[in-house]
Every structure is written in C-alpha cells, then in structure tokens.
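Colleague: Thanks for making time for me today. Could you walk me through this model at the bench biochemist's pace?

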Amino acid sequence: MPALRSSYTDKLSFFGGIPPQQLATAYGSPLYIYNENILRRSCREVLKLSEHPGFRVNYSAKANSNPSLLRIIREEGCLADAMSPGELRMNLHAGFPREQILYVCNNVAEAELKNAVEHGLLVSVDSLAQLDLYGRINRGGRVMLRFNPGIGAGHHQKVVTAGKATKFGISPEELGEARALLAGHNLTLAGLNQHIGSLFMEPGGYLDAMDWLLAFAAALCPGEFAQLEILDFGGGFGIPYRKYENEARLDMVALGRGIHERISAFAAQTGYKGCFYVEPGRYIVAECGLLLGTVHAVKTTAGRRYAGTDLGFNTLMRPVMYNSHHDIEIYRAGEQNETKLLTQTVVGNICESGDILAEHRNLPEIRIGDILGVLDAGAYGFAMCSNYNLRLRPAELLICADGSCRLIRRRDSLDDLLRNVDV
Ligand code: LLP
C-alpha cells in the first residue's frame, strides 16, 4: 500500500499486509506493534554467535517483558534474566523454568533476595553489602558475583554500567573481602558476571571486557575455579536506529567470531566445563517493535513547524531521557513515497516543553490525521512507559508469523488508574 514514508516497514512486510491505519482504528492509538518473524530472526541471530556447547543467550527481560514475547524468546531457546520480583513473575508466567532464570539485581531489600532464593533461582549480587545479606539469608547456598571490569561502553552516560563512574559491580580489588564473606557464609561461588553498558556498535570493547573476565576467572584459586558454573559477559549489543540513513549494523559475524574464539580457547586451556552467557536485551526485541501514533495538530511557531501527536514521553521515554533517535514513518493512504521534505519537530501531548519525540527532522509534510510509526521501539519502549499526566499506557499487538494479529496487552483503562487508590 503506497504511503508517504514507509519503505522500511514495506520491505519487511512489518504489518503483515494490514494497513497500519486499519490497525490504529481497530486497536486504538497509540499502539505498540511487534512482528513475530522479526523477533524470531533476532533470537536466532544471537543464538548463532557461537556453536560452543556451553554458549547460552540469557535474554535481559528489562528490555521488554511482555509474556507473549517472552514465550517466543523461550521457544527459540534463550534463557532469561530478571532484576525484580515483577520480572521474575513475568518470566515464570511465560513458562521459563527456574533453572533458566538468572536473578541479576542491585541494591535490593532482604525480602526481595529471599523471594528469589525461595523461587530457587541463582542470584548475582553486585556489592559486598548485598553478598553479606545474601549469605545471611541463604547460608551454604550458591551465588554469583558481578564484577566491574573497568571497561565501560554505551550510547549515553546514563547507560554505561562499568568503568570508573558507576554504581554497579564489585571492584576487582575487593576480591579478598568477597572471599572472606563467601567463606564466612559457607557460600559457593557459582559464577561471575559483568555488563559494560548498553548499545555498542563495534565489538572491540565487549571482547576486551570478555578477555578481562576470562583472565580474572582463570586467576582464581583452583578450588574456586572448579565451582564456577556460569561466566556471564553481559549484554549491550547495539542496533542501528538510523534506518533511513542506512546506518551500519553491528558486525555480528565479527562479534560471534570473537566470542567463539575466546570461549573455545578458554575452555580448552582451563578445562572449564560450565556455561558462557551473553545477556542482550535490546538486540533481541528492539527491531521487532514499532510504536504507532496519530497526529492531532500541526502548527508553526517562531518559524518552527510542529507536529502534535499522542506520542508523549509517557509512551516512549528514550528521546527525552537519552536524546535517542528513532526514525519516523508516515502513513497516509494513497500518497506516493517520500515527497518534498520539511524540517519538523514531532511532539507529544504531555504538559512539558521537553516532550519532544523528534527534533528538527527532515520529513515529508506531516498533516493532521496522519498515522506515524516510530521504528525500533521494541526495547525499552513499553517497558519504560508511564501513566504520567494520567495517560493510559498503550495496548500491544503482535503480528503473528501467519500474518494474523493478536492483542497481547490491553490498553490501560480509566478504571485501572483508580484500582490502587480506592483503598
Ligand atoms: N544485563 C544487565 C545486567 C543489564 O543491566 C542490562 C541493561 C542488560 C543485560 C541488557 O542490556 P542491552 O543488551 O539491552 O543493552 N533504557 C536504556 C537501556 C538501559 C539498559 C540497562 N541494563 C535505553 O533505552 O537505552
């Protein structure tokens, strides 16, 4: 169907042949839409990074925890992490058995650690204080430690999770104290993990950090080393958000080669028989998701042309939080692809002047009634939605592999807003 700007989703048949305007009418706007085929493809791409028998993909559920998507990810053969009781509940609801869920938390209450232990999960702690707390709760148990490899990466300072300035991880110099706590609580060190940050587009930093963790593991005492079951290198694999500028993809072949070579050599040299985890969130779900919205007003103020939509930052926080770029498509029936471009700013319906989805974009003229598609919204999209201004969080729809579509989350209702305050 010809639309004003849709060549990217047209090529992928993202909407399964159903016009997006029809979906917006049937399911309401704003609306998150996911494509099952694309989700399965990205799972398979990551699972293929290494054929080493100990290689595992531990999907980081914080990126998107809709249980229908989690079920697909599980079917494809990924494991899952959880960092809160909510994510744990959702992972279980999606059918992940407890052995396939790793609890990677930070700064949590005793009750939360207990909850994870009572569910029989392996837990990773990221400070000496939490290790001590864990030991008091689960004396004689197994635990993983998250170390800070000193190498950080990420698309914004807010998502760099290793290096000097971060709240995350135990520093390698604290190993002695960690050992004392492990011994004091009779704990088994079942694994090591790290996460350098979110969204890198070159494999180098990740591979360097892998080298660091592998060397750190190899330097443990033989007794400690023999207990290790999991070495988890974290996530952070980036996707290109600038599809309409043909931004290059992360070289997954080079990344896979680097990962495979390292873990194979390590296993051969040390006799390690445990698993090696990568822990991507974004890479698995970002590109299968799109946020549909509607244009309700256009105006020109002080020489700036604004398109006013229902896509406030309550629906997609990333542009406001990190200045993130998301490409925007425009669907208007009967129009030819891409006409003359105008510089426009796309804004939402939240009562803040920072409520900007896309600033100074060169796009075909946006008009009232147009349906917009915000690309690559599957990761940290719905997951970071809120009810700010008491707006209702959007529904979520899945375009299934057979082309049919299925509602996988209802839009919030006004009654939902009242549920917790009618006490
Ligand atoms: N493992 C751990 C321990 C993490 O903290 C994270 C992400 C991941 C894995 C997955 O990282 P990914 O592969 O998705 O980059 N809201 C931000 C991203 C925050 C990431 C937080 N931790 C954004 O929208 O860019």
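Here is our conversation about the fold, the ligand and two spots in the backbone.

Colleague: How many helices and strands does the chain have?
Modeller: Happy to start there, and please keep in mind that this is a predicted model. The secondary structure comes to 14 helices and 17 strands.

Colleague: Why is the chain described as compact as a globular protein of its length?
Modeller: The globule rule gives 22 Å for 423 residues. The chain comes close to that value, so it is as compact as a globular protein of that length, with a radius of gyration of 23 Å.

Colleague: Lovely. Which residues are closest to the ligand?
Modeller: The ligand is surrounded by 18 residues. By class, this shell has 6 nonpolar, 7 polar and 5 charged residues. The closest are Ser 198, Glu 279, Arg 318, Tyr 322 and Tyr 380.

Colleague: What distance separates an oxygen atom of the ligand from an N or O atom in the side chain of Ser 198?
Modeller: A polar contact needs a pair of N or O atoms within 3.5 Å. For an oxygen atom of the ligand and the side chain of Ser 198, the distance is 2.4 Å.

Colleague: Which residue has a polar side-chain atom 2.7 Å from a nitrogen atom of the ligand?
Modeller: Gly 236 uses a polar backbone atom instead, 2.8 Å from an oxygen atom of the ligand. The side-chain atom 2.7 Å from a ligand nitrogen belongs to Tyr 322.

Colleague: How much of the ligand's accessible area does the protein cover?
Modeller: The ligand takes up the space of the largest pocket. On its own it has 580 Å² of accessible area, and the protein covers 92%.

Colleague: Where is the cis peptide bond that involves Pro 30?
Modeller: Pro 30 is in the loop between helix H2 (20-27) and strand S1 (31-35). Omega is about 0 degrees for the bond that joins Ser 29 and Pro 30.

Conventions. Residues numbered from 1 in each chain as written. Predicted model: local features only at pLDDT ≥ 70, side-chain atom pairs only at ≥ 80, totals over all residues. Heavy atoms only, no water. Near = heavy atom within 4 Å. Polar contact = N/O pair within 3.5 Å; in protein donor to acceptor, adjacent residues only side chain to side chain. Areas by Shrake-Rupley, 256 points an atom, 1.4 Å probe, with all protein chains shown as cover. 1 Å grid on protein atoms, 1.4 Å probe; cavity = no way out; pocket = protein on both sides within 12 Å on 5 of 7 lines; lining within 4 Å. Sits in = over half its atoms within 2 Å of the grid points. Nonpolar A, V, L, I, M, F, W, Y, C, P; charged D, E, K, R; others polar. Helix = DSSP H or I, 4+ residues; strand = E, 2+ residues; numbered from the N terminus. Rg over C-alpha atoms; globule rule 2.2 N^0.38 Å.
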